[in-house]
Amino acid sequence: MRISYYFAEDGYTELGEKIPDIPIVHLVIKVGRKRARGPAIVDTGFDGGIYPNMEIVKMFEGTKPLTKVFLENPIYGLSEFEVYTAEAFLYQGGSLTSLGDVKVYIPTEPEFLTGEVLIGREILNRKARSLILDMESKQTLIEIP
């Protein structure tokens, strides 16, 4: 199945220069009976699966992590993360395409959380048959087997 998403616009700098648009997918994450849905930035620099925002972190309250790992953070250096699993789907036009169970990496330092959700190489390399970032049409094209 091939799914496409238009890049998200990212606005302008304080000098009036256009900030490049962002490749995204629309992600649904399910943890027990809780669900979250929204855009996730395609980040091929993130080694893990999902880097959550605060709303997703709250879905894991009261659950125990599978493990703890250290990943390199470009700003803060080596950083500790708790690893959880969630069921994930790509969402488009009212339908869901399963990605199966994915790992969610929650930083143990709350100040490392941002408002964005990232989808990283752990999912892109293992779950997608192909990923095309079409800069001309400003679309993210992802093919799932």
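**Up close, the charged end of R37 hovers over the ring of Y91, 4.4 Å from its centre.** K18 does something similar: its charged end sits over the ring of Y12, 5.7 Å from the centre. To count, NZ of Lys or CZ of Arg has to be within 6 Å of the ring centre and within 35 degrees of the ring normal. Keep in mind that this is a predicted model, so local features need pLDDT of at least 70 and side-chain atom pairs count only at pLDDT 80 or more, while totals for chains, interfaces and linings use all residues. Residues are numbered from 1 along each chain as its sequence is written, and side-chain values use heavy atoms, with hydrogens and water left out.

**F46 and Y105 make an edge-to-face aromatic pair.** Searching the whole structure turns up 4 aromatic pairs. Rings of Phe, Tyr and Trp (its six-membered ring) pair if their centres lie within 6.5 Å; planes under 30 degrees apart are called stacked, over 60 edge-to-face, and the rest tilted. For F46 and Y105, the centres are 6.1 Å apart, with 90° between the planes. This pair links distant parts of the chain, 59 residues apart: F46 is in the loop between β3 (34–42) and β4 (50–51), and Y105 is in strand β7 (residues 95–107). Strands (E, at least two residues) and helices (H or I, at least four) are DSSP runs, numbered from the N terminus. Both F46 and Y105 are buried, which means under 20% relative accessible area, while exposed is over 50% and partly exposed lies in between (1.4 Å probe, protein chains only). Look around and you'll find that F46, Y51, F81 and Y105 form one aromatic cluster.

**F60 and Y84 lean together as a tilted pair.** Their ring centres are 4.8 Å apart, and the planes meet at 40°. F60 lies in the loop between α1 (54–59) and β5 (67–73) and Y84 in strand β6 (residues 77–92), so the pair ties together parts that are 24 residues apart in sequence. F60 is buried, at 4% relative accessible area, and Y84, at 7%, counts as buried too.

**Strand β6 pairs with β5 and with β2, antiparallel in each case.** Two strands pair if DSSP finds at least two bridges between them. Between β5 and β6 there are 7 bridges, and V69 has F81 in β6 as its bridge partner. These two strands make a hairpin with 3 residues between them. Between β2 and β6 there are 4 bridges, and L27 has L90 in β6 as its bridge partner.

**β2 and β3 run antiparallel, joined by 8 bridges.** Across the pairing, H26 stands opposite P39 in β3. Their hairpin has 2 residues between the strands, and in it G32 takes a positive phi near 60°. Strand β2 (residues 24–31) is mostly covered, with 6 of its 8 residues buried.

**An open sheet of 3 strands has the order β1-β10-β9 and antiparallel pairing.** Where do β1 (2–6) and β9 (130–134) stand in this sheet? They stand at the edges, each with a single partner strand, so one side of each is left without a neighbour in the sheet. β9 and strand β10 (residues 139–143) run antiparallel and are joined by 5 bridges. Here L131 stands opposite I142 in β10.
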